[in-house]
Every structure is written in structure tokens, then in C-alpha cells.
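Biologist: Could you walk me through this structure at an easy pace? I would like to take it one part at a time.

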Amino acid sequence: MIVLTSKQMREVEKIAIEKIGIPSICLMENAGRETALEVKKILEEKNLNSVIIISGKGNNGGDGYVVARNLYNWGVDVKVFLTTSIGAISGDAKVNLDAILNMGIYVAEITQREHLKFLEKAIKESNVIVDAIYGIGLKGRITGIVKDIIEMINQANKIVVSVDIPSGLNADTGKIEGCAIKASKTVTMQFVKPGLLVYPGVDYAGEVRVAEIGIPYRLAAEIGKIYLVTSEDVKLPKRLGDTHKGNYGKALIIAGSKNMTGAAYLCAKGAIKTGCGLVKLAVPQSAQSVIQGALYEVITYGLEEKNGILSYNALSSVLKLIDESDVIAIGPGLTHDKDISQLVYDIVKNIDKPVVLDADALNALVGRLEVIQGKRIILTPHYGEMSRLTGLGTDEIKNNLFEVAKTFIDRYKVTLVLKGAKTVIATKEGSIYINSTGNPGMATAGSGDVLTGMITAFLAQGFSEEKAAIHGVFYHGKAGDIAREYVGEYGMTAMDILENIPDALKCGL
Ligand SMILES: NC(=O)C1=CN([C@@H]2O[C@H](COP(=O)(O)OP(=O)(O)OC[C@H]3O[C@@H](n4cnc5c(N)ncnc54)[C@H](O)[C@@H]3O)[C@@H](O)[C@H]2O)[C@@H](O)CC1
Ligand SMILES: Nc1ncnc2c1ncn2[C@@H]1O[C@H](COP(=O)(O)OP(=O)(O)O)[C@@H](O)[C@H]1O
Ligand SMILES: [K+]
């Protein structure tokens, strides 16, 4: 599903209005009516009848007057409060404000602190609040009386429906600009905005509904570079009857050390459960018997080691195994030491096959990432690993996911899976995909190792790096969501995610 930033949204609106000739007031009518229909649905479900609408100075406020007019016509008890003076409103918003004034709908200004008590009383007496204060036109932080109004609404514990975007939320980054409305539902216009899809925005948006307001889809298809990954985007091909394991790829996983055999297990099992034809697992020699005893479906190799950790001497054995494989994953549980660093660096330097680099393979390349440039590589860092790779702070990364991801792939021309509560995938071509599955139960050790195995399996089955990353992340989250139904979030382990991969994949057929 296409996601548009506020700038792109303005571009498509401009073309729709100025080049195509769709009257802007029609778009406002559709936006307001769609929101009013959502509010009506809520009122009917809960047998309620009283709504207040809080409108700002711009077109978001204009949408609010249309909501008011429609609800009033349907017999709802409606009151409108303006965060600005009536005289400051212009354009389409003024046309709609004049209409509701002419209809005799209650309209009051809340522009001074002493007005707040009227709003407080009205909020108490109402069932639903419609937030039409700011939409994509918000600039900078919210201060003054509007901040007081937003805090009053948030404390009121009412059902809140936001028009387009919760007021105060940065539509592009999901950051809170001083304060923001905590909505129960957001009716966003025509195209979903990125800020609704990443944290903390997700927590403020509530349930998101995309309302069709009449802007042609193709306008967005021409400029969109950000996508939300939904089940429609990750349909799996049916397997052909006349096939054998050779058709589903040979993956080599280089992982594990004496204290982290589990990481190697989870990664290899993740790959085999995602349909990879043959999985080979290379671990330090002393770990091989433990691993082999637990993994019946996987071929294991015990390589040169020092104290239970792969040594640089393993390089020639690894390169030979790589020659015999289609795709490679390196990293889970390798540990971090100088030998591993040099080993990983030399493997990456020599490789010309699709590779997934995770965990310690990422740590191994800190400070000399140039070696990945332009290769068929997928990196899967969490914010901590991304911080080590880029030198940026984890908060800086978390607050600017899209920008950080985009800058990284512009420089290195690889595929990036930036893991977090909302995982973001950035592709060589410069597109950004936001995942829609997963839950906090997956914040558990080993969860990322399973993901690496899954992405590797999709690569082995012939998916491009971009598609393997998107499918791997989506179905990993889906497996976690199915696991949650059985074990909940507290008790979920990486093994629970593994066990639910098959059911997750069944959803894709
Ligand atoms: N342009 C169009 O064709 C359509 C726009 N629509 C609605 O219009 C919205 C965008 O409208 P606008 O561009 O008028 O912008 P907004 O209504 O989001 O807000 C802009 C207004 O708020 C003020 N403002 C911004 N940041 C502020 C801050 N930090 N403190 C105090 N005041 C601040 C600005 O000066 C401006 O007057 C969308 O989100 C959507 O709801 C819809 O009606 C559909 C059609
Ligand atoms: N709150 C959350 N919501 C959704 N997914 C999550 C959440 N927390 C973690 N995850 C997912 O779990 C995985 C954790 O990976 P990682 O941090 O590498 O763990 P490990 O190194 O222990 O395997 C990532 O895919 C991440 O997106
Ligand atoms: K709003």
C-alpha cells in the first residue's frame, strides 16, 4: 500500500485540483463526510448521540465543519469549538464554516484561557470528540492554548476521532511535536501517512482508516517511494508438483560459538521451516555434535576454531562451502573478536552471491563497511547494531527511521532491514517498506536469529534481495502474531515464533 509524506500529499492534491480540475471543496466534502460516517458508526454501535468538534485554522479544521454539518443533518447533537478566531478562517474552510453558522450549529471560539472552562464542560457532556485542529499543515511544535486544549482532550478519556492525523503528530516521522491528540481512531485522507505507521505515532493514531476522497490513485503511484507491507503484497507462489529439493535452494549459514549454539539452531531451523530446500550449517568444531543432535533436517559442518569460536583458519573451508551453496547467512551467535572480524571481512570481500549479514557479522564490519558496497547483501541490524555501523545514536535512529535508512542505502547500495517494533526495509532502488506484522512478545532473545533464517530461505528460493527481506520480515511478524494467540506476549520465545512459521506461511497462499 502506498504511503505518502505530507509534501507528496500536497503535490498530488495540487495536481488533482489544478491540473485535473477536481474542485478542492469537493475533496474537503468527501474528507468530512467520510469522517462523519465513521463517527456515526461509532455513535450507532454504542447508542450515543453527542459530539464535539474542535477545529483549527486551516483545511483540517474545514474538514471538521463538514463533519459537523453532516452529523447535524443526521440528528446528532453537535457543538463546534474553534482554536482560532472566526475572522482568521479563509478559503474552503470559511465556506463550510459559514454554512454551519447559517444552519444554526453551535460554534464557539476557544482562544483565551478563560474560555477553557466552557470547553471542559462541553467535553464532559459529550460522547465523542472529533479532532480537526491540525493535519498535514502542522509546522513546528504546539504551544499556548492549543497545547492546553489537547491535554484537556487527552485527559477526558473520551472516544476521539482524528481527521487525517492526530493533531500534534508529525505526519512524516511519527514524532510528537510538543503534544499530540491520543486518538481512538484516525480517518486519514486517501493515502496513509508514514507518521501513523511508526512509533510513537502508532500509539497516538489508534485504529487507522484510509478514506477515499477522490484523488486519483495513479498520481501517488507515480511519486510514492514508501510502502506499507500488507498481506496483499506478500502472496506466496504455489509450489509446482514436478519439483525436488534442488529447486528450493541451498543455503549456507555460518553461525554459533560455544556459548551461543542456540543462535545457530534458531537461524537454521528458521530457514528450513520457511521452505529452503537444503540448509547447511557451519559452526565451530566443538559445537557441531550439540547442534547435530538437535537439528535433524540440517547438514552441519564443524570448522576450525579457537576456544569454541571460529578462527580465521576456517576461511578456506568456508569459501569452499560457499562455492557449493546458492545463498549465505553469516552472523548469529558468532561472538565478537578480532579473528571473527577478519574472517567475516574476507568472506564478504570474496563473495558474489546473495548474503544476509546479521548480529556479529555486522559488528565485524564496523568501521570498514565499504566492503559491502553494491554487493547482493541484506543487512539486518537492530537500532544498537545500526548505531555501531553508522555512529548515530539509537534515539537519533529511532526518531528518523526513514531518513537514516535512506541515507544508508544511498551510500552502500544494499538492502537494509532496520529491525525494531516497526521494522523498516530500505532497498537499493531507494524504496522504503514499513512492516505491518509483529508484536512486543517478539522482543525476546533469538527472535532476530529466526528472522535471518527466514530471509535466507526466501533468497534461496529465488526471491530478489528486496522481496526476500520484505517476505521474511512480514512472515516472521505473522508467525509472532499467531504465536501470541497461543502463548501471549509475556511467555513468547523464539521457539514459539519458529513453531508458527508454517501457519504464517499458509496465510500467504
Ligand atoms: N488541500 C486539500 O485539497 C485538502 C486538504 N484536506 C485537509 O487539509 C489538511 C491540511 O490543511 P492545511 O494545509 O490548511 O493545514 P492544517 O489545517 O493542518 O493546519 C495549518 C494551519 O495551522 C497553522 N499552524 C501550523 N502549525 C502550527 C503550529 N505549530 N502552531 C500554531 N499554528 C500552526 C498554520 O498556520 C495553518 O493556518 C489535511 O490534513 C486534510 O485534513 C482535506 O480537506 C482534503 C483536501
Ligand atoms: N515490540 C516489538 N514489536 C514487534 N516486533 C518486535 C518488537 N520487538 C522486537 N521485535 C522483532 O523481534 C526481532 C528481534 O531481533 P533482535 O533484536 O536481533 O533479537 P536477537 O538478537 O535476540 O535475535 C526483530 O525482528 C524485531 O523487529
Ligand atoms: K487532526
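Modeller: We can go through the sheets, the packed helices, the two ligands and a few backbone details, keeping in mind that this is a predicted model.

Biologist: Let's begin with the sheet of seven strands: in what order do the strands come?

Modeller: The order is β4-β3-β2-β5-β6-β7-β8, and this open sheet has parallel pairing. Because β4 (106-109) and β8 (207-211) stand at the edges, each with a single partner strand, one side of each is left without a neighbour in the sheet. From one strand to the next, the twist averages 20°.

Biologist: And what holds strands of a sheet together in general?

Modeller: Strands of a sheet pair through backbone hydrogen bonds, and this pairing can be either parallel or antiparallel. As an example from this model, β2 (residues 50-55) and β3 (residues 77-82) pair in the parallel sense, over six bridges. If you look for S55, you will find L82 of β3 standing opposite.

Biologist: What about the sheet with 11 strands, how is that one ordered?

Modeller: That open sheet runs β1-β9-β20-β19-β18-β17-β16-β15-β10-β11-β12, and its pairing is mixed. Its edge strands are β1 (2-3) and β12 (299-303), each of which pairs on one side only. Within this sheet, β15 (residues 327-330) and β16 (residues 355-357) pair in the parallel sense over three bridges, and A329 has V356 in β16 as its bridge partner.

Biologist: Switching to helices, how do α2 and α3 pack?

Modeller: Helix α2 (residues 24-46) and helix α3 (residues 59-73) have axes 8 Å apart and pack at an angle of about 55°. The two helices are therefore oblique to each other, and the crossing in which α2 passes α3 is right-handed.

Biologist: Which residues meet there?

Modeller: On the α2 side the residues include M28, A31, T35 and V39, and on the α3 side they include N59, V66, V67 and L71. Sorted by class, the residues of the contact of α2 with α3 are seven nonpolar, five polar and four charged.

Biologist: Now the ligands. What surrounds ligand 1?

Modeller: There are 27 residues around ligand 1, and the closest are G58, N59, N60, G135 and G137. Two or more residues of this shell come from each of α1 (6-20), α2 and α3, and α3 gives the most, with five residues. The shell around ligand 1 has 11 nonpolar, 10 polar and six charged residues.

Biologist: And how many residues surround ligand 2?

Modeller: Ligand 2 is surrounded by 18 residues, of which A421, G438, P440, A443 and G448 are the closest. In this shell, seven residues are nonpolar, nine are polar and two are charged. Helix α17 (residues 447-460) gives the most to the shell around ligand 2, with four residues.

Biologist: Then let's stay with α17: how does it cross α18?

Modeller: The axes of α17 and α18 (residues 465-487) come within 8 Å and cross at roughly 135°. These two helices are therefore oblique to each other, and their crossing is right-handed. In the contact, residues of α17 such as V450, L451 and F458 meet residues of α18, including A468, V473 and Y475. That contact divides into 10 nonpolar, three polar and two charged residues.

Biologist: What about α9 and α17, at what angle do they cross?

Modeller: Helix α9 (residues 261-273) and α17 cross at roughly 35°, and their axes come within 7 Å. In this right-handed crossing, α9 passes α17, with a contact that includes L266, C267 and A271 of α9, together with V450, G453 and A457 of α17. The contact of α9 with α17 has eight nonpolar, four polar and two charged residues.

Biologist: Last topic, the backbone: is the peptide bond from Y199 to P200 cis or trans?

Modeller: The peptide bond from Y199 to P200 is cis, with omega near 0°. You can find P200 in the loop between β7 (185-189) and α7 (201-205).

Biologist: And what is the phi of N307 like?

Modeller: N307 has a positive phi of about 50°, although N307 is not a glycine. This residue is found in the loop between β13 (305-306) and β14 (309-310).

Note on methods
Residues are numbered from 1 along each chain as its sequence is written. Chains are lettered from A and ligands numbered from 1 in the order in which they are written. This is a predicted model: local features need pLDDT of at least 70, side-chain atom pairs count only at pLDDT 80 or more; totals for chains, interfaces and linings use all residues. Two strands pair if DSSP finds at least two bridges between them. Axes are lines fitted to C-alpha atoms, for helices over the stretch in contact, and angles run from 0 to 180 degrees between N-to-C directions. A residue is near a molecule or strand if its C-beta atom, placed from the backbone, lies within 6 Å of it. Ala, Val, Leu, Ile, Met, Phe, Trp, Tyr, Cys and Pro count as nonpolar, Asp, Glu, Lys and Arg as charged, and the others, Gly among them, as polar. Angles under 35 degrees count as roughly parallel, over 145 as roughly antiparallel, 65 to 115 as roughly perpendicular and the rest as oblique. A crossing is left-handed if the near helix is turned anticlockwise from the far one by less than a right angle, and right-handed if clockwise. Two residues are in contact if their C-beta atoms, placed from the backbone, lie within 7 Å.
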